[in-house]
Every structure is written in structure tokens, then in C-alpha cells.
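The following exercises are to be worked through with the sequence and the structure at hand. Each task is followed by a solution in steps.

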Amino acid sequence: MAKDTKKTITVEQIGSPIRRPDEQRRTLIGLGLNKMHRRRTLEDTPAVRGMIAKVAHMVRIVDES
């Protein structure tokens, strides 16, 4: 059986979307983050990296593996 070698990235929401543009709020929801201090482990793809870059001031990268 082949071992799954996909890279993952764990992000945590550290900022509130209150008084932020709707696009940033929707980006957080797209990442699976909608409440403070929630963490999500996502596949490390260019699309996910781009979404993180859009809301970098509201999230932090906890772990990359």
C-alpha cells in the first residue's frame, strides 16, 4: 500500500472578521475558519497558500508537515 505523502498546513484564526471586507470574511469561511482560535489542517496547495496570504493578518500558521 502506498503511503500518503501529501503536505499539510495547520492554520489558526487569531483575528476577528468584524469590520473587515466581505471578501476577507468569505476567505476565512473558505478555509474552514469562522470562530476565534479554531484550527484547520488543510492540504498545502498554491490555492490554499493564496487564501492564507489574503487574510494573513487574521490567521497564523501553526504547523507545516
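Helices, of at least four residues, and strands, of at least two, are DSSP runs, numbered from the N terminus. The model treated here is predicted.

**Exercise 1. Determine the order of the elements along the chain and the overall extent of the protein.**

Step 1. Count the elements: the protein contains 2 helices and 3 strands.

Step 2. Read them from the N terminus on, which gives the order β-α-β-α-β.

Step 3. Consider the extent: along the principal axes, the C-alpha atoms fill a box of roughly 50 × 20 × 15 Å.

Step 4. Consider the contacts between residues at least 6 apart in sequence: 71% of them join residues at least 24 apart.

**Exercise 2. Describe how the strands are arranged and state which helix packs on the sheet.**

Step 1. Establish the order: the 3 strands form an open sheet, S2-S1-S3, with antiparallel pairing. The edge strands, each pairing on one side only, are S2 (39–43) and S3 (59–64). On average, and with direction ignored, neighbouring strands of this sheet are turned by 30° against each other.

Step 2. Add the helix: H2, residues 46–54, packs on the sheet and touches S1, S2 and S3. The direction of H2 makes about 20° with that of S1.

Step 3. Examine the pairing in detail. S1 is joined to S2 by 5 bridges, and 5 bridges also join S1 to S3. Ile9 illustrates both pairings: its bridge partner in S2 is Leu42, and its bridge partner in S3 is Glu64.

**Exercise 3. Decide whether Glu12 is buried or exposed, and identify its surroundings.**

Step 1. Locate the residue: Glu12 belongs to strand S1, which spans residues 8–13.

Step 2. Apply the cut-off: Glu12 has a relative accessibility of 7%, and therefore counts as buried, because buried means under 20%. The strand as a whole agrees with this, since 5 of the 6 residues of S1 are buried.

Step 3. Find the partner: the bridge partner of Glu12 in S2 is Arg39. The side chains of Glu12 and Arg39 also make a polar contact, at 3.5 Å.

Step 4. List further neighbours: leaving aside residues up to four places away in sequence, Glu12 touches several residues, including His37, Met58 and Val62.

**Exercise 4. Decide whether Gly30 is buried or exposed.**

Step 1. Locate the residue: Gly30 lies in helix H1, residues 22–30.

Step 2. Apply the cut-off: the relative accessible area of Gly30 is 53%, so Gly30 is exposed, because exposed means over 50%.

Step 3. Relate Gly30 to a residue elsewhere in the chain: Val48 is 18 residues away along the chain, and the two C-alpha atoms are separated by 9.3 Å.

**Exercise 5. Which residues make up the largest nonpolar core, and how much of the protein counts as buried?**

Step 1. Identify the core: it has 11 residues in all, among them Ile9, Val11, Leu33, Leu42, Val48 and Ile52. S1 and H2 each supply at least two residues of this core.

Step 2. Follow one member, Leu33: residues up to four places away in sequence set aside, Leu33 touches Val11, Leu28 and Val59, among others.

Step 3. Turn to the whole protein: 28% of its 65 residues count as buried. The protein exposes about 4,700 Å², of which carbon and sulfur atoms supply 52%.

How values were computed. Residues numbered from 1 in each chain as written. Predicted model: local features only at pLDDT ≥ 70, side-chain atom pairs only at ≥ 80, totals over all residues. Heavy atoms only, no water. Buried < 20%, exposed > 50% of the residue type's maximum accessible area, 1.4 Å probe, protein only. Polar contact = N/O pair within 3.5 Å; in protein donor to acceptor, adjacent residues only side chain to side chain. Pairing = 2+ DSSP bridges. Axes fitted to C-alpha atoms, helices over the stretch in contact; angles between N-to-C directions. Contact = heavy atoms within 4.5 Å. Areas by Shrake-Rupley, 256 points an atom, 1.4 Å probe, with all protein chains shown as cover. Core = buried A, V, L, I, M, F, W, Y, C linked by side-chain atoms within 4.5 Å.
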